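Please look through the structure below before reading on. The text after it goes from chain to chain and then to single residues.

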Amino acid sequence: MINDKNSQKIVDIIRNYARKHSLWILAYGTGCGAIELPPTMTSRYDAERLGVRGAATPRQADLLLITGYLTTKSLKRVIRVYEQMQDPKYVIGFGSCTINGGMYWDSYNTIKALDRYLPVDVYINGCMPRPEAVLSGFAKLQELIQDGKANGAKEYKENLKWYRDNQKKVITNWKMPEYNW
Amino acid sequence: MREKATTLYIGPQHPGITGNMMVRLKVEGDTIVKAATEVGYLHRSFEKLIEKRNWLQSFTLLCRFCVPEPDPVEESYARAVEMIEGREVPERAKYIRVLVLELARIGSYLLWYGGQSGSLGLYTVGQWSVGDRNYILDLFEALTGARVYHMYIWPGGVRRDFPKGFEKKVIDTMDYLEKRLDDYDDLMFDNAIFKKRTKGVGIIDKEKAVEWGVVGPPLRGCGIRSDIRIDDPYEIYDKLDFIVPVEEGGDIWTRALVRRQEIRQSIRIIRQVIDNIPGGEYYNKVPNPQKWALPKGDAYARTEAVRGEVGMYLSSDGSINPRRAHFKGAAYVHAITLLEHLLVGENLADVAAIMNSLGTCPPEIER
Amino acid sequence: MSFDLKGTLKPLTALKQFGQKPHTLTNVPFIPREAADRYRGLHYNNLDECIGCGNCSTICQNQAIDMIPVDGIEGKNGDSGLRPRVDHGRCCWCGLCVDVCPTGSLSLTKDYVYVSEDANSFLWTPGVDNPEGDERVSFFSTKETSLNDLGRIPMPELEGMERIKSFAEVVLGYNEEQARAEASRCISCGLCTEACPEHMHIPEYINAIAGGNDEDAVRIIYDNNPLPEMCGKVCTRRCEDICAIAHRGDPIAIRWLKRYATETVENADLLKEIINPEIKEPNGFKVGIIGAGPSGLTAAYYLALKGFDCTIYEANSKAGGMTMYGIPRYRFPEDSLDKQIEYIQKIGVRIHFNTKVGKDISFGEIYHNYDAVFMGVGFPKPWTLGIEGEELHGSIQAVNFLYEINNGKKVDIGNKVIVIGGGNVAIDAARVSARLGADVTILYRRRVQDMPADWEEIEGAEAEGIHIISQAIPIQFHGDEKGHITTVEYLKAEMVPDEHGGRPKPIAIEGSNTVIEVTAVLGAIGQQGDYSFLEEEFDEKVKIERGRIVVNEKQETTLNKLFAGGDSANRIADAISAIADGYRAVKGIEELLMKGK
Amino acid sequence: MMMEEIKTTIIDRIKLHFSDAVEKEFSYNRLDFSVKKETVPSILFYLKEEMGFKHLSHISCVDWLEEGEFEMIFILWSPEEKIKVFIHTRVDRSNPVMDNIDMIWRQANTYEREMKEMYGIQFTGLEAPEEFLLEDWNGPPPMRRDFDTEAYAAKTYWERPGREDALDVRETVEKRTGEVLPEFAKKYKR
Amino acid sequence: MGEILQYTWGAIVSFVLAFFVGITYMGLSRIVTARVQNRIGPPWYQNFFDVFKLFSKDTSIHHGIMHHMGPAFMMVTAVMSLLIIPIFNGGSFFTNLNFHGDLIFLIYIMVFGPLGMALGAGQTGNPNSAIGVTRGLSQIVGFEIPWVMALVALMIQYKTTSIVDLMNIQAETGKWLMFTSPFAFIAAVLAMLGMFRYAPFDIVGAPQELASGPMSENGGKYLFVMMSSGAVFAFAKLTLYVDIFMGGANNLIILVVKTFILYMIPVLYGIVSPRYRTEQSVRFFWGWPTLFGLLAILQAAFL
C-alpha cells in the first residue's frame, strides 16, 4: 500500500535530489565577493561540476549569492530580486559583512546583519571567502537541501511582516510593489 | 521613420558588469541615443571610515577600493604616507613592490581577458585566463598570505620578505603564462569575429582624450604615450627596461592590443626584478601603530594601474588619524562622463564590451 | 564580401585543449586544499603564551576582537586573565592583530573553511574553540616582523670612564623628543599597574606624555605617588619586568618617563600650581609620623590633603630615608627631592629634621600626643657575614660606607676593594669605591644572572671597570699584625638545583680555596631593622616577626593606632612598596579616625 | 629644461597674472598655489589653456571643521612638462559656494556632484542629477566631520548581539588591584 | 484502428527518444565545452537534473495568456516538426505523420515556434524580452534565406518535396546528398549554426546586455517547457539533416552517431567564437551561405 505521506516523502527526496544538483545562481556581486566568483566558476575550481551555474535573471535562479556588504541602495534592489525569484530559493551570505557588518560596521550606508532583511540559508566565513570555501558553502547548502532543511524562503513567507518592518526601517523611501505571489 | 525610444537598464547587477552599477540607456532599436550612469550601489564611505581609523588601520581598508587589482591602491596610500612623513623605503622593498604591482597587473589583465572576451560572448578565453589567473593568485598567497586582499604594501616597505624558493616559483609561472598567452592570441586576437566586433567601436577622440581625463590603456590606445611609470616614475621603474605600447585608433580593438602587449611587458619587468633584486631590509618599521602620528601636510601619490591612474590624496593634520584620504580611480572619470559620451550612437550589443575596455570598476567610483 | 580565412580557422586550434588534462582541482571542496605557508586563515591563540594585553583588540579596526574571561585561566601579575574572542562576522583577516601581538601568541592558521547556517556561530575564541589549530599555524609574527616598537630609546648617559671621575649623575634624562618617542612605544595595556605595588596609573601618564601633555602626566602621577622624582630615578620598576613589550624587546622605560615628566616642572610653586590639589578643611586630627622616608612622606602628603595635621620626625638633616642616604649621589643627586619635599611642606606637612626618635624625643611621647602614629623607620642595621676576620680594620659595612660618603665624609678604603653581595647596595658600594679610585671586585655566591640588582646597574658597573667574580663564597678575612685586612679567602661554588623547585643553591667546592689581596672589604648582604627606640611598654605589644613589624592589609600594627610601613614592614623592601604602604596607611588611618564622622 | 627652471617659470607667470596666488614649493615635480576661491576658474583655465596643464588629475575637499572652512584642492598634471600643480583654496564652511568648473573639464562635473552630496558645497550653475552616491539620504552631508558615522550606524542598523560580555583589560586589572583611576585621567585610556 | 494506435505509439516513443537524446546532447555539449575550457564540467546527466528541478519549481508569476502560450507554441512546434520527420529509414513505425510536401510544411512550422515565443515575450513587458525577440526574428530572417535556398535546391534537383523520397533516393543510389549536392549542404549547415543559437549567433539572449533575452521573464515550469522543447526540437532538426543529407539512419546507433557529429559543428564553433551583432549575423547569412544556396540552386537547375 502506498499512502500519501510516504509517497510525498519519496517525491520530496527525488525533488530535493534534483534541486540539490541543479543550483542556478544569481550573484548579487557587491564588490568584494564578486571577485572570487569568476575563479569559482572557471577552469581551476569549476563549480559547474556540482551543478552550479549562472542564471541571467531572477526568474530562473534558485540561489541568490549576496557576496558581501549591502548598501541600503543595493538592499532595496536585492529585496526586489529575491522576491522575484521562484520557490524554492536559497540565499548564501558571503563573508563577514553579511554576518555582522565586517569592515563596514560603522559605515552609515551599509547594513550589518543580512538575516534581519532576508532569510539566509548558509554563511561562508572569510573576507572574502576563497573559491574552496565558496564551494564548501555550496556543498553545505546541497546537504541542507537534501535534508530538507534549507527553508529560508518558507520562513520569509511566514515572517514576512517582521522582515518587511526591518526592511522599511532602513529603506526610507519604500516605493516597491508588495510581494505578489 | 524614427523608432520609439525604449528605456533600458543595464544593471545594477548584470552579468556584463563587474560590480554593481547601472547605466540607463535610451535605445531606438539597437542604437543608443542617450546614456546615463547611475552609481551608488557600492558606496560604503571608505573615506569617512578612514578618518576614524589610524594611519595603519586605514591600510587594511585600501585593498577593498578596487577589488580586481587592489595593490596599486595600497601602493598609492603607502607612498602618500611616506611623502608626508619623509620616510625612506629600503631598496629591496621597492623591488618587491614593483614585483607585486606587476603581478597584480598581470592578474588583472587576465581577468580583463575574461571580461572583454566574455562581454562579446567568447567565454572560452575567460575560462582559460581566469583559471590561469589562479596561478598568479597562488604566488600572491605564498608571498602575502592571501589570494585577493593582499594587504601587503604598507607605509615603510612591504609586510614580509620573500618566502623560500619564491623567485623560482615566479619565474616558472611566468614561463607558463608566456606559453598560454599565445593560446589566447590564437583564440582572441586572431579571431575574425572578435576583430569585427571591436574595430571601430567605442572610439575615443585622440585630440580630446587628455582633456576628457582618459588615462591608462584607453589613452595609449588613442596613440598617446602616457604612463605614470615613465612620466612620473616611482619606486624603481626608472631603472627598468620596458616599453610602453601605443596603438593608433582609439577603439576597443586598439585598447585590447595595448593590454595584450602590456601583459608581456609586465612579464619582462618581473624577470628583471627577480634578476636584480638586492638583499637587505624589506621594511622600514613604523612606530607603534597606536600612537603613530604623521606631521601636518598633504600629498598626492599616483600609481599606474591597469585601469589607468590610481591616486591617493592624503591630508594630515598632525594627529594619528588621516584628516582626509581621497581616492581617485580611473573609472571615476571613465565610467561616468566618458562612458556616457561614448555610448551615444553605439549598438546596444557593444555596451558591455565598451565598459570593459574602459576598465569600469564600480567599487572604485563609489568607494 | 571579404573572407578572413586565418581569422576563421586559427581560433579552431583552441579545440586542441579538448585532449588536455583539465586544470580543475577535483578534490575541492570534498578535501580542503592546503593553503600557502603564510596563509592568513582562521585565528589560533596560544592561551599559555597570551597575556591578555588586549592589543589585538585595540588595533582591530573592525572591532572584531573582544577580551573575555576564559575558564581555567586566572589573572595574575602580568596577565589580565582575559583572552581575545574574535567575531568572524567582523574580521577581515588583515592579520594586524597578529603583527601587534607582543608575545606572539596570536596567529592565523591555514584553516579557512568555515561554513554554517547559524549566524551566531561565528563568534568564537581562538585557542579555546580550536585547540588543534596549533599545528596549522601559518601567519605569525616574529621579533623581526612585530609591529611593536621593541627597541628602547637609549637613555643618554655619561661615558663609562668619564663617570668614575666624579659623583655626577650618570643618567642624563630624556629630552622632550626622546620622551615622546619612548612614550609612543607603549601599547597602553595597563598590565604594569598590577606589578606596581602602588598601582600607579602608568598607561595614562605615558599616554599623556606621548600626547604632549606633560602637565596632565604630572597630575596623574601625583594622584597616588608624591615622590615621583624618587621613583623616576631609583625605582626597582617591577612594572618594566612584566611589560608586555618586554616579552620580545626592551620594556617601555616607565621609570625614565616618570622622571621626564617630573623634571618638566621646575619648582615647587609650579608643581603646586599644576597639580592644584584639593586640600580638605582641617579635620582636627593629628598624625605623627616617624621617619621621612618614602612611606612616611607619602602618608604625610595624602593625610595632609585629607585635612589631617601631620608632623614628621626625621633623624637626618634631609628627608628621603634610605634613598637619600643609602643610594650614591651619581644615581640620586642630593637635590633630587628638594622640590618635592618643599611641595609637601607647602601643603601643610611639618618636618622636624635631626630629631631621632628614642634619643631626641621618645616614642611614647609621640604615641600619646597624636591621634595616630605612622612609623616608617626602615632597615638601618646591616647584616654581618659571620665569618672569621670580620672585625678587622678595613672590613666595612656597605650601608655605613654609603651613609658616610653621602654625608660628605671620607672613608679610607685603599686601592683594592672587594664588595661582597649581589644586590643594589653591593653594586652601589662597588661603583662608589670605583669613584674613589679603587680597583673593585664583587664577590657573589650565585651566578651573575641571579643577582638581585638591576641589570642596568650591573651593566653600569661593568662599564666602569668593576670585576665580578660569581659563584664565590668568602670564608675568611686575613689581616696583618696591625689588625688591618690584607686578604680575602673564598671558595668557588657550583650551582645545585633545588629539589623543592626554588632557585639553584650554591654549594662550595672543597679545596677550591682562592685568596685575593685587598685593602678593604665592603659587606653588602642585607640589612635589618632597629627597633631599640620602642619603650618596653610598646615593645611587647608591637609584634615583630623575622625582623619585620607585623601589619594587616591597612598597615595597622598590633598596637592600637600605630601604623607601620616601608622596609620595616614589608618584605619587598623598596621605595615604591614603601610608598604603597604609606598610601595604604592613609586609608587605614582615615578609616580609624573618621569612623564616627 | 630642469625641473627647477620650469617651476620658476610657472611661478613667475602665475604671479604675473594672478596677484593673489601664494606659491609653495615641494621637492621634485610638485608645485602648490593657494588662491582665493574667486580666482579658481580663471587660474584653472589659464593653466589648462596657456600652460599645458591639460590633465585634471584630481579634485579633493578637506573639511577643516575647527577653522570653519573647507579646503578645496585641484591637482593638475602637465603631460609635456611632467609636473603637477596643486591649487588650494578655502571656502567658508557656513556658506559653501563655489564656481562650477565643468566647462573647463567635463569630468569635474562628477567631482562636483560628489562634493555637493558629501560636503554640501553648492556649485553655481552645476547641472547634474540631484543624487549621486546616496539614495534617499536625509541626514547631513556625510563627509562633513561633524557627522558621526559610527553613531548613525549604531542607531540605524541592527547589530548581532552576543558580544556584551566583553571586558576592558585596563578595567579588569584596575578592579583586581583596587586601583582607582581619577576622573581626569580617564581620557588618556586607550 | 491499428494504424492509429501505431502512430500514437510511434509519436510517443519518438517524443521520449527525442527528449532523452536531446537532453543528453545538451549535457554532452556542456562537457565538451568544459573540456576545451580546461574544465571537467558537469556529468552528462546534469541537464536531467536541471530539467527536473525546473519542473518542480513553483511558478507563481505570469503575465497573461500569451505569456503562457509562448512556451506552449515552442513545444507544439518541436513536437510537430518531430512528428513529420521520419526517424529511421524505411520503418513505418517511426515514419509518423510525414506526407508529401512535408519539406514545405517544415519550413513554415519551424518559424512558428519563435513567433509564438515572440508573442509571449511581448506580453511580459520586459524590455529585454522585447529586444531579444526583435533580434531573434531578425536573425531568423537571416538564416532562413540560405536554409530555404538549400531546400529549394534539393527540391529542384530531385523534384520532390518529401523527406521520405529524399531518403529513398539516397538509399537507392547509395550516395548521400551532402556529396551530390555539396553547396546545398554547406548552405544548410551554415544556416544550422544560426538555428542552434550557439555562438556566434547567440545575440538573442546575450546575457551581457539582455539577461536571457526573450526568456527573461520565464522561470520554473515555463523554462522547463522551453528547455524540453529545445531538446526535442534540436533532435528533430538534427534528424532532418541526417535524413536529407546524410542518408538517414537504419538504427538508433547510426542515428545517434550521425546526429552527434552534426550537432558538434555548432557546438565546437560556438566554443571558439564571440557573438555577432544582429546586423552582423544577418549580413553573415546573406553573404557566403546565401551564395552557397545560390550555387546549389544553380547546380540543381543547370547540372
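What follows is a walk through parts of this assembly.

The model is predicted. A starting point is how the chains meet. There are 9 pairs of chains in contact, and among these chains A and C share the most contacts. Chains D and E, by contrast, do not touch, and their nearest C-alpha atoms are 23 Å apart.

The contact between chains A and C involves 30 residues of chain A and 24 residues of chain C. On the side of chain A, the elements that give two or more residues are α4 (95-100), β5 (122-124) and α5 (131-146). Of these, α5(A) gives the most, with 8 residues. Sorted by class, this side of chain A has 14 nonpolar, 9 polar and 7 charged residues.

Strand pairing also joins the two chains. β5(A) and strand β5 (residues 115-116) of chain C run antiparallel and are joined by 2 bridges. Within this pairing, Tyr123(A) has Ser116(C) as its bridge partner. The loop between β5 and α5 of chain A holds Met128(A). The peptide bond that leads from Cys127(A) into Met128(A) is cis, and its omega is near -10°. As background, most peptide bonds are trans.

Chain C itself is divided by the domain assignment into four segments of interest. These are domain 1 (43-139), domain 2 (153-276), domain 3 (280-373 + 531-597) and domain 4 (382-528). Between the C-alpha centres of domain 1 and domain 4 of chain C the separation is 50 Å.

Next come three strands of chain C, with β15(C) as the reference. Strand β15 covers residues 439-443 of chain C, and 4 of its 5 residues are buried. One partner is strand β14 (residues 416-420) of chain C, which pairs with β15(C) in the parallel sense over 5 bridges. In that pairing Val417(C) is found opposite Val440(C) of β15(C). The connection from β14(C) to β15(C) passes through helix α18 (residues 424-435) of chain C, and this β-α-β crossover is right-handed.

The other pairing described here is with strand β16 (residues 467-469) of chain C, which is parallel to β15(C) and has 3 bridges with it. Here Leu443(C) faces its opposite residue Ile469(C) in β16(C). Helix α19 (residues 455-463) of chain C completes a right-handed β-α-β unit together with β15(C) and β16(C). β15(C) therefore takes part in two β-α-β connections, the one that arrives through α18(C) and the one that includes α19(C), and both are right-handed by the clockwise path criterion.

Elsewhere in chain C, Gly348(C) sits in the loop between α15 (338-346) and β10 (350-352). This glycine counts as partly exposed because 17 C-beta neighbours lie inside 10 Å, while a residue needs 20 or more to be buried. The C-alpha atom of Gly348(C) is 9.3 Å from that of Ala300(C), although the two residues are 48 apart along the chain.

Chain E is built in another way. Its elements are 13 helices and 0 strands. The radius of gyration of chain E is 19 Å, close to the 19 Å that the globule rule gives for 303 residues, so chain E is as compact as a globular protein of that length. Along the principal axes, the C-alpha atoms of chain E fill a box of roughly 55 × 50 × 40 Å. Of the 303 residues, 59% count as buried. When contacts in chain E between residues at least 6 apart in sequence are taken, 79% of them join residues at least 24 apart.

Two residues remain, and the matter is their backbone angles. Most residues other than glycine have a negative phi. Asn38(E), in the loop between α1 (2-36) and α2 (46-55) of chain E, has a positive phi near 65°. Asn38(E) counts as buried because it has 22 C-beta neighbours inside 10 Å. In chain B, Ser45(B) also has a positive phi, of about 60°, and is not a glycine. Ser45(B) lies in the loop between β3 (31-38) and α1 (46-52) of chain B. With 24 C-beta neighbours inside 10 Å, Ser45(B) is counted as buried.

Technical notes. Residues are numbered from 1 along each chain as its sequence is written. Chains are lettered from A and ligands numbered from 1 in the order in which they are written. This is a predicted model: local features need pLDDT of at least 70, side-chain atom pairs count only at pLDDT 80 or more; totals for chains, interfaces and linings use all residues. The radius of gyration is taken over C-alpha atoms; the globule rule is 2.2 Å times the number of residues to the power 0.38. A residue is buried if 20 or more other C-beta atoms lie within 10 Å of its own, exposed if 12 or fewer, and partly exposed in between; C-beta atoms are placed from the backbone. Two residues are in contact if their C-beta atoms, placed from the backbone, lie within 7 Å. Two strands pair if DSSP finds at least two bridges between them. Domain bounds come from an automatic or database domain assignment. Ala, Val, Leu, Ile, Met, Phe, Trp, Tyr, Cys and Pro count as nonpolar, Asp, Glu, Lys and Arg as charged, and the others, Gly among them, as polar.
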